[in-house]
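Let's walk through this fold one question at a time. Have the coordinates open and follow along.

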Amino acid sequence: MNINFDYFKVFCQVAESKSITEAANQLNISQPAITKTIKLLEEELNTALFYRKHSGSFLTEEGQNLYNYIKPYYYVYQITHYTLHYLN
């Protein structure tokens, strides 16, 4: 599998919202698609990124480490997307 930025976009959204349902709503994609993306990312990285409870999805230690690394790039992506899409 080739990880692309969309996987990290989904990962960051779930990490921030702590909810697959909320992430799906915010990204305008289905809950099964979110779950599948997270599962594929976890398989590719060979580690669990989230632990799931009835109250939400929470980062594991490995997930928190990945989030800390990916977040700055995701933030730049969001700003760039906004600038190019809404200001032009």
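Q: In which helix is L40 found?
A: Bear in mind that this is a predicted model. Looking along the chain, L40 is found in helix α3.

Q: Is L40 buried, partly exposed or exposed?
A: Buried would need a relative accessible area under 20%, and exposed one over 50%. L40 comes out at 25%, so the label is partly exposed.

Q: How far apart are the C-alpha atoms of L40 and T60?
A: Along the chain, L40 and T60 are 20 residues apart. Through space, their C-alpha atoms are separated by 16 Å.

Q: Where does T60 sit, and is T60 buried or exposed?
A: T60 has its place in the loop between β2 (56-59) and α4 (61-86). The cut-off for buried is under 20% relative accessible area. T60 has 14%, so T60 counts as buried.

Q: Which backbone nitrogen does the side chain of T60 reach?
A: Start with the surroundings: leaving aside neighbours within four places in sequence, T60 is in contact with A48, L49, F50 and Y51. The side chain of T60 also reaches a backbone nitrogen at 3.0 Å, and that nitrogen belongs to G63.

Q: In which sense do β1 and β2 pair, and which residue of β2 stands opposite K53?
A: Strand β1 (residues 50-53) pairs with β2 over four bridges, in the antiparallel sense. A hairpin through two residues joins β1 to β2. As for K53, the residue opposite in β2 is G56.

Q: Why are the buried residues of α2 on the same side of the helix?
A: Helix α2 (residues 20-27) has I20, A23 and A24 as its buried residues. They share one side of α2 because the arc they cover around the axis is only 100°.

Q: What do the buried residues of α2 pack against?
A: The buried set in α2 is I20, A23 and A24. Their packing partners are α1 (5-17), α3 (31-45) and β2.

Q: Which residue caps the N-terminal end of α2, and which one follows the helix with a positive phi?
A: At the N-terminal end, S19 does the capping, with a side-chain oxygen 3.3 Å from the backbone nitrogen of T21. After α2 comes a residue whose phi is positive, near 60°, and that residue is N28.

Q: Which residues touch the most other members of the largest nonpolar core, and which helix supplies the largest share?
A: The core has 20 residues, and those touching the most other members are F11, V14, I34, I38 and F50. At least two residues come from each of α1, α2, α3 and α4. The largest share, seven residues, comes from α1.

Q: Which residues is I34 in contact with, leaving aside neighbours within four places in sequence?
A: I34 is one of the core residues that touch the most other members. Its contacts beyond those neighbours are V10, V14, I20, A23, A24, L27 and I29.

Q: How many salt bridges does the structure hold, and what is the N to O distance between D6 and K9?
A: The structure holds four salt bridges. D6 and K9 both lie in helix α1, three residues apart, which is about one turn of the helix. Residues three or four places apart in an α-helix point the same way, because there are 3.6 residues a turn. The side chains of D6 and K9 meet with an N to O distance of 3.7 Å.

Q: Which two residues of α3 meet in a salt bridge?
A: The pair lies four residues apart in helix α3, about one turn of the helix. Their side chains meet at 3.9 Å, N to O. The two residues are K39 and E43.

Q: Which salt bridge links distant parts of the chain, and how far apart are its closest N and O atoms?
A: The bridge is between E16 and K71. The partners are 55 residues apart, with E16 in helix α1 and K71 in helix α4. E16 counts as partly exposed at 32% relative accessibility, and K71 is partly exposed too, at 23%. The closest N and O atoms of E16 and K71 are 2.7 Å apart.

Q: Is Y67 buried or exposed, and which residues does Y67 touch?
A: Y67 is found in helix α4. At 15% relative accessibility, Y67 counts as buried. Not counting residues up to four places away in sequence, Y67 touches F11, C12, A15, E16 and L59.

Technical notes:
Residues are numbered from 1 along each chain as its sequence is written. This is a predicted model: local features need pLDDT of at least 70, side-chain atom pairs count only at pLDDT 80 or more; totals for chains, interfaces and linings use all residues. Side-chain values use heavy atoms; hydrogens and water are left out. Buried means under 20% relative accessible area, exposed over 50%, partly exposed in between (1.4 Å probe, protein chains only). A polar contact is a pair of N or O atoms within 3.5 Å; within protein, one must be able to donate a hydrogen and the other to accept it, and residues adjacent in sequence count only if both atoms are side-chain atoms. Contact means heavy atoms within 4.5 Å. The arc is that of the directions from the helix axis to the C-beta atoms. A nonpolar core is a set of buried Ala, Val, Leu, Ile, Met, Phe, Trp, Tyr and Cys residues joined through side-chain atoms within 4.5 Å. Two strands pair if DSSP finds at least two bridges between them.
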